[in-house]
Amino acid sequence: MPSYTGSCTCRRIEYSLTLSSPDDARTTLCYCKNCKKAFGTNYGLTAKIPKDALRLTKGSTKEHSADNGSGSIVHREFCDNCGSFICEYGDAAKDQFRYLVVGSLDDPEVLPPKGEFFCASRAGWMPEVPDVFHKQKIKE
Ligand SMILES: [Zn+2]
Ligand SMILES: [Zn+2]
């Protein structure tokens with residue numbers, strides 16, 4: 001079973017990610033407004049993984065929960081020392097999935113993207129990722 005490690009910037013939080021297969025992680029770019037704001041960049045880069053695949057091996061996260069602007073609650077977990085973003089998940093899926101912030105992996109290249117969401121909101125200077133799926137709006 002593939003196993004990966006990750007951490008926040010200051011490494012007070014460390015985790016392991018264990019998957020039955022690399023196909024159990026779905027990495028996507030998302031150009032929606034919420035991702036732009038939350039990530040502070042022009043897209044969000046997360047890997048959808050089964051909740052139980054992610055295990056903290058050191059420290060604990062600080063959770064923030066807030067309405068995402070369309071009536072559903074989004075939970076986001078951070079390091080309360082350095083502020084690094086670790087994962088997010090919608091309230092409806094919180095018992096099943098985590099959206100892991102791919103940049104928190106010690107080697108972020110192990111989970112390359114499989115698709116792009118909200119391509120209609122992609123910045124004009126941002127090229128399309130080749131050979132992955134492209135959805136104009138939805139994120140499911
Ligand atoms: Zn930290
Ligand atoms: Zn998004």
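Visitor: Which residue of β9 stands opposite Ile49?

Guide: In this predicted model, strand β9 covers residues 97-101 and runs antiparallel to β4, with five bridges joining the two. Strand β4 itself takes in residues 44-50. Within this pairing, the residue of β9 that stands opposite Ile49 is Arg98.

Visitor: On the β3 side of β4, which residue of β4 stands opposite Arg26?

Guide: Strand β3, residues 26-30, pairs with β4 in the antiparallel sense, and five bridges connect them. The residue of β4 that stands opposite Arg26 is Lys48.

Visitor: β3 also pairs with β10; in which sense, parallel or antiparallel, does that pairing run?

Guide: Strand β10 spans residues 113-117 and is linked to β3 over four bridges. Cys30 stands opposite Phe117 of β10. Whereas β3 and β4 pair in the antiparallel sense, the sense of the pairing between β3 and β10 is parallel.

Visitor: Is Thr27 buried or exposed?

Guide: Thr27 lies in strand β3, a strand that is mostly covered, with four of its five residues buried. Counting around Thr27 gives 22 other C-beta atoms within 10 Å, and the cut-off for a buried residue is 20 or more. Because its count is 22, Thr27 is buried.

Visitor: How far apart are the C-alpha atoms of Thr27 and Lys114?

Guide: Leaving aside residues up to four places away in sequence, Thr27 touches Ala47, Val102, Leu111, Pro112, Pro113 and Lys114. Thr27 and Lys114 lie 87 residues apart along the chain, yet the separation of their C-alpha atoms is 5.7 Å.

Visitor: Which element gives the largest share of the largest nonpolar core?

Guide: The largest nonpolar core has 20 residues, and those with the most contacts inside it are Leu17, Ile49, Leu54, Ile86, Cys87 and Leu100. Two or more residues of this core come from each of β2, β4, β8 (85-90) and β9. The largest share, four residues, is given by β8.

Visitor: Which residues does Leu100 touch, not counting residues up to four places away in sequence?

Guide: Leu100 is among the residues with the most contacts inside the largest nonpolar core. As general background, nonpolar side chains tend to be buried together in soluble globular proteins. With residues up to four places away in sequence left out, Leu100 touches Leu17, Thr46, Ala47, Ile49, Leu54 and Cys87.

Visitor: How many residues does the second, separate core have?

Guide: This core is separate from the one just described and includes Cys30, Tyr31, Tyr43 and Phe118. Cys30 also appears in the pairing of β3 with β10, where Cys30 stands opposite Phe117. The number of residues in this second core is seven.

Visitor: In what order do the three strands of the open sheet lie?

Guide: The pairing in this open sheet is antiparallel, and its edge strands, β1 (3-7) and β5 (54-58), each pair on one side only. From one strand to the next, the twist averages 30°. Five bridges join β1 to β2, residues 14-18, and the bridge partner of Thr5 in β2 is Ser16. The order of the three strands is β1-β2-β5.

Visitor: Where is Lys36 found, and is it buried, partly exposed or exposed?

Guide: Lys36 is found in helix α1, residues 33-39, and touches Thr41, Asn42 and Tyr43 when residues up to four places away in sequence are not counted. There are 17 other C-beta atoms within 10 Å of Lys36, a count that falls between the cut-offs of 12 or fewer for exposed and 20 or more for buried. Lys36 in helix α1 is therefore partly exposed.

Visitor: What percentage of residues 4-119 is strand?

Guide: UniProt, in an unreviewed entry, places the feature "domain: CENP-V/GFA" at residues 4-119. Over these residues the end C-alpha atoms are 29 Å apart and the helix content is 6%. The strand content over residues 4-119 is 47%.

Visitor: What is the radius of gyration of the protein?

Guide: The protein has one helix and 11 strands, and its C-alpha trace spans about 40 × 35 × 25 Å along the principal axes. For 140 residues the globule rule gives 14 Å, and the protein's value is close to this, so the protein is as compact as a globular protein of that length. The radius of gyration is 15 Å.

Terms used: Residues are numbered from 1 along each chain as its sequence is written. Chains are lettered from A and ligands numbered from 1 in the order in which they are written. This is a predicted model: local features need pLDDT of at least 70, side-chain atom pairs count only at pLDDT 80 or more; totals for chains, interfaces and linings use all residues. Two strands pair if DSSP finds at least two bridges between them. Axes are lines fitted to C-alpha atoms, for helices over the stretch in contact, and angles run from 0 to 180 degrees between N-to-C directions. UniProt positions are given in the numbering used here, feature names are shortened, and annotations may be inferred rather than shown by experiment. Two residues are in contact if their C-beta atoms, placed from the backbone, lie within 7 Å. A nonpolar core is a set of buried Ala, Val, Leu, Ile, Met, Phe, Trp, Tyr and Cys residues joined through C-beta atoms within 7 Å. The radius of gyration is taken over C-alpha atoms; the globule rule is 2.2 Å times the number of residues to the power 0.38.
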